[in-house]
Amino acid sequence: MAISAVKPDIARDMLRDCLESGGSVVPGGHFRDELRNERLTLPDAWLVLKSGAIYNPPECDIKTGEWKYTIEGYTVDGIWLAIVFSFKHVDRVYLITVFSIEAKKRKS
């Protein structure tokens, strides 16, 4: 059964609870491939998951019926990263994809 859509700030808090208190965060195959394509590492992604923000409302995935959220933030190297994820359960997050946004790259 799909988790109902929640407001962005609640989704962010649920995500952080999974990261900090024993929930699970599962990097999907496409996420891992795109992370590699962007020449980034899991620690880069984890930093964004822990410190980023969700700016937009969730979108419903037509295929799965799950609500997808996008969290955005900077890596240590100043790359603006977006990570799309969904909740499989309240305490289980699935990382769908990741991409950098050059337009928001921090000026050195």
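This report describes helix packing, aromatic contacts and selected residues in a predicted model.

**Helix packing**

Two packed helices are described by the angle between their axes and the distance between the axes. Helix 1, which covers residues 8–20, packs against helix 3, residues 42–51, at an angle of about 130°. Their axes are 9 Å apart. The two helices are therefore oblique to each other, since an angle counts as roughly antiparallel over 145 degrees and as roughly perpendicular from 65 to 115 degrees. On the side of helix 1, the contact is made by L15, R16 and L19. Helix 3 contributes W46, L49, K50 and S51. By character, the residues of this contact divide into 4 nonpolar, 1 polar and 2 charged.

**Strand 4 and its surroundings**

I71 has its place in strand 4, which spans residues 67–74. With a relative accessibility of 0%, I71 counts as buried, because that class takes in values under 20%. Not counting residues up to four places away in sequence, I71 touches L15, R16, V48, L49, G52, A53, I54, L81, A82, I83 and F85. Among them, L15 and R16 belong to the helix 1 side of the helix contact, and L49 belongs to the helix 3 side. The C-alpha atoms of I71 and D44 are separated by 13 Å, the two residues being 27 residues apart along the chain.

**Aromatic groups and a charge over a ring**

The structure holds 5 aromatic pairs. One of these pairs is formed by Y74 and W80, with 4.5 Å centre to centre and 75° between the planes. The arrangement of Y74 and W80 is edge-to-face, because planes over 60 degrees apart fall in that class. Y74 is partly exposed, whereas W80 counts as buried. Y55 joins Y74 and W80 in one aromatic cluster. Elsewhere, a charged side chain meets an aromatic ring: the charged end of K88 sits over the ring of Y94, 4.9 Å from its centre.

**The loop between helix 2 and helix 3**

Two residues of this loop are described here. R39 is found in the loop between helix 2 and helix 3. Most residues other than glycine have a negative phi. R39 is not a glycine, yet has a positive phi of about 60°. R39 is also exposed, with a relative accessible area of 77%. T41 is found in the loop between helix 2, residues 29–37, and helix 3. T41 counts as partly exposed at 39% relative accessibility.

**Strand 6**

T97 is found in strand 6, residues 92–100. At 15% relative accessibility, T97 counts as buried. Leaving aside neighbours within four places in sequence, T97 is in contact with H30, F31, E34, A82, I83 and V84. A82 and I83 also appear among the residues that I71 touches. T97 is 56 residues from T41 along the chain, and their C-alpha atoms are separated by 13 Å. T97 and D13 are 84 residues apart in sequence and 20 Å apart in space, C-alpha to C-alpha.

**Accessibility of the residues discussed**

| Residue | Relative accessible area | Class |
|---|---|---|
| R39 | 77% | exposed |
| T41 | 39% | partly exposed |
| Y74 | 26% | partly exposed |
| T97 | 15% | buried |
| W80 | 9% | buried |
| I71 | 0% | buried |

Key: Residues are numbered from 1 along each chain as its sequence is written. This is a predicted model: local features need pLDDT of at least 70, side-chain atom pairs count only at pLDDT 80 or more; totals for chains, interfaces and linings use all residues. Side-chain values use heavy atoms; hydrogens and water are left out. Rings of Phe, Tyr and Trp (its six-membered ring) pair if their centres lie within 6.5 Å; planes under 30 degrees apart count as stacked, over 60 as edge-to-face and the rest as tilted. Buried means under 20% relative accessible area, exposed over 50%, partly exposed in between (1.4 Å probe, protein chains only). A charge sits over a ring if NZ of Lys or CZ of Arg is within 6 Å of the ring centre and within 35 degrees of the ring normal. Axes are lines fitted to C-alpha atoms, for helices over the stretch in contact, and angles run from 0 to 180 degrees between N-to-C directions. Helices (H or I, at least four residues) and strands (E, at least two) are DSSP runs, numbered from the N terminus. Angles under 35 degrees count as roughly parallel, over 145 as roughly antiparallel, 65 to 115 as roughly perpendicular and the rest as oblique. Contact means heavy atoms within 4.5 Å. Ala, Val, Leu, Ile, Met, Phe, Trp, Tyr, Cys and Pro count as nonpolar, Asp, Glu, Lys and Arg as charged, and the others, Gly among them, as polar.
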